[in-house]
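I opened my notebook beside the model and wrote down what I looked up, one topic at a time. Here are the entries, in case you would like to follow along.

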Amino acid sequence: MGMNTNKVRNADEEDVMRLTAEEQGWLAGEAGPALRRAMEIVTALGTIYGARRLIPVESVQISGVSYRNIGDAGLDFLCRWADEGARVRVPTTLNPTAMDMVSWQTQGLDPDFAAKQRQVVAAFARMGVGKGVPLPTCTPYLIGNRPLPGAHIAWAESSAVAFANSVLGARTNREGGPGAIAAALTGRTGAYGLHLEEHRRATLRVKVDAVLDTISDYSALGALIGRTAQKAVPLFVNLPLEADDPLYEEKLKALGAAMAATGAVALYHVASLTPEATSSDLLTADCACWCIDDLTEGYAMLSDDIERIDLVWIGCPHASLVELAQLTERVAGRRLQVPMWITCARPIRDLAVDSGLVGKIEAAGGQVFADACMAIAPVRNLGFQAVATPSAKGAYYLRNLANVAARFGTLDQCLAAAETGHWPSMGRDA
Ligand code: F3S
């Protein structure tokens, strides 16, 4: 990279973004129209948010992959960019699609829809996403895109952003769809927001006195906090979680995903646990203080008053191998009467097939799909109207994006619903 710098604009000397000579050349179109367009997006975002420079990013996670969401306009936009020669410069992974890219017929997808969805993924493959073989998932950190503490990255998937910032100690803002693509093509993002130390301190202290046990309990806690915290940076104290908990990452994955769904939390800290929660001056002076002693509202706020369930969806965010193993134990001996779909990354599914987990889940009546997210799938067209899930984020988007009724509850409640087709009236499982 050249050391000479040029300014994007000359308005106020204090307020300009300085670009290297190489970046300035890209912006001028010297490396072609695809990179010019990407630089225009990256510098426009940087200017809006007050960045003084661009910084290299080590990896990118792209969202906006569902054909149901982006439609023909989005598909054309991606194809044009790929035709212009857009190619990623850094390791880049892709968010879930609306279907299992292999078993979409089993899911009941329309062939025309499936063809369009394949074209979307093919456009990203042409850009070099996933080294030409994208493996769509919202948990890229489980399949090799796992940044180290302090790494600057540009990720778009909100649950993955929360995990990367909080659990891994990497640094990313919550990128939008085109912004993430532009970051992948340039290998750059603006130096603003959570890339800067001063924005990573906690602005909210949350003391947890509620009983938390299951992964869904962490999801319910996140739903409660996100709803009011919005963009705050919470510091959790008294969270009953140890680093050697076998579900440590799964619980924090659920917590962050829920806060990112009901709010816009992109970073949180857990006292004595997460990488940046060691500093004594982590809290800002004017931080608010909350105490949570009950999770009932966290479950209730994302549940419709429905009794009949016609689909159970597990794997939001995409399930880990540990979660699939836990689920396998829970379904042993059960006979599920309504579809129970579990979603995960394809490499995780492959491992679960090899270790016999998928076979056991299928023996009980469940199905494990890769690549897909039911919140962005055409769920109603598949014949489902009432979905149960142990994920707060799943319930939130099922109701707000997929337009179906949802029940958010514990894994035991969801399994009971899969066995009977009815939502059980029982308390939380142990
Ligand atoms: Fe992932 Fe979809 Fe949930 S993208 S976090 S499975 S809503």
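**Around the ligand**

I began with the shell around the ligand, where E12 supplies the largest share, four residues. I kept in mind that this is a predicted model. My list of the residues around the ligand reads Pro-96, Cys-138, Glu-157, Ser-159, Trp-313, Gly-315, Cys-316, Pro-317, Cys-373, Ala-375 and Lys-393. Sorting the shell by character, I got seven nonpolar, two polar and two charged residues.

**The sheet that holds E12**

Next I asked myself in what order the strands of the open five-stranded sheet lie. I read the order as E14-E13-E12-E15-E16, and the pairing is parallel. E14 and E16 are the edge strands with a single partner each, so each has one side without a neighbour in the sheet. I also looked up the twist: ignoring direction, neighbouring strands here are turned by 25 degrees against each other on average.

I then zoomed in on E15 and E16, which run parallel and are joined by four bridges. One residue pair I noted there is Ala-388 with its bridge partner Arg-407 in E16. Helix H15, residues 411-420, packs on this sheet and touches E12, E13 and E15. I found that the direction of H15 makes about 140 degrees with that of E12.

**Salt bridges**

How many salt bridges does the structure hold? I counted 22, and I picked a few to follow up.

My first pick was Arg-200 with Glu-276, whose side chains meet at 2.7 Å, N to O. Arg-200 sits in the loop between strands E7 and E8, and Glu-276 in the loop between E10 and E11, so this pair ties together parts that are 76 residues apart in sequence. I checked the burial of both partners: Arg-200 is buried, and Glu-276 is too.

Then I went back to Arg-407, since its side chain meets that of Asp-305 in a salt bridge of 3.7 Å, N to O. Asp-305 lies in the loop between helix H10 and strand E12, while Arg-407 belongs to strand E16, so the pair links parts that are 102 residues apart in sequence. Are the two partners buried or exposed? I noted that Asp-305 has 77% relative accessibility and counts as exposed, whereas Arg-407, with a relative accessible area of 17%, is buried.

The next salt bridge I looked up joins Asp-371 and Arg-346, with the closest N and O atoms 2.5 Å apart. Asp-371 is in the loop between strands E14 and E15 and Arg-346 is in helix H12, so the pair ties together parts that are 25 residues apart in sequence. Both Asp-371 and Arg-346 are buried. I also jotted down one network, in which salt bridges with shared partners join Glu-22, Glu-23 and Arg-188.

**Strands E8, E9 and E11**

I turned to strand E9, residues 234-237, to see which way its side chains point. Pro-234 and Phe-236 point one way, Leu-235 and Val-237 the other way, and all are buried. That fits the textbook picture, in which side chains of a regular strand alternate between the two faces of the sheet.

What are the partners of E8? Four bridges join E8 to E9, and the two run parallel. E8 also pairs with E11 in the parallel sense, over six bridges. I followed Leu-204 in both directions: its bridge partner in E9 is Pro-234, and its bridge partner in E11 is Ala-288. For Val-206, I noted Phe-236 of E9 standing opposite.

**Helix H7**

Why did I mark H7, residues 177-186, as largely enclosed by the rest of the structure? Because nine of its 10 residues are buried. Those buried residues are Gly-177, Gly-179, Ala-180, Ile-181, Ala-182, Ala-183, Ala-184, Leu-185 and Thr-186. Just after H7, I spotted Gly-187 with a positive phi of about 70 degrees.

**His-152**

My last entry is about His-152, which I found in the loop between helix H5 and strand E6. His-152 counts as partly exposed, at 24% relative accessibility. Leaving out residues up to four places away in sequence, I listed its contacts as Ile-55, Pro-56, Val-57, Glu-58, Ser-59, Arg-171 and His-195. I also checked His-152 against Met-374: the two are 222 residues apart in sequence and 30 Å apart in space, C-alpha to C-alpha.

Definitions and conventions
Residues are numbered from 1 along each chain as its sequence is written. This is a predicted model: local features need pLDDT of at least 70, side-chain atom pairs count only at pLDDT 80 or more; totals for chains, interfaces and linings use all residues. Side-chain values use heavy atoms; hydrogens and water are left out. A salt bridge is a side-chain nitrogen of Lys or Arg within 4 Å of a carboxyl oxygen of Asp or Glu. Buried means under 20% relative accessible area, exposed over 50%, partly exposed in between (1.4 Å probe, protein chains only). Two strands pair if DSSP finds at least two bridges between them. Axes are lines fitted to C-alpha atoms, for helices over the stretch in contact, and angles run from 0 to 180 degrees between N-to-C directions. Contact means heavy atoms within 4.5 Å. A residue is near a molecule or strand if one of its heavy atoms lies within 4 Å of it. Ala, Val, Leu, Ile, Met, Phe, Trp, Tyr, Cys and Pro count as nonpolar, Asp, Glu, Lys and Arg as charged, and the others, Gly among them, as polar.
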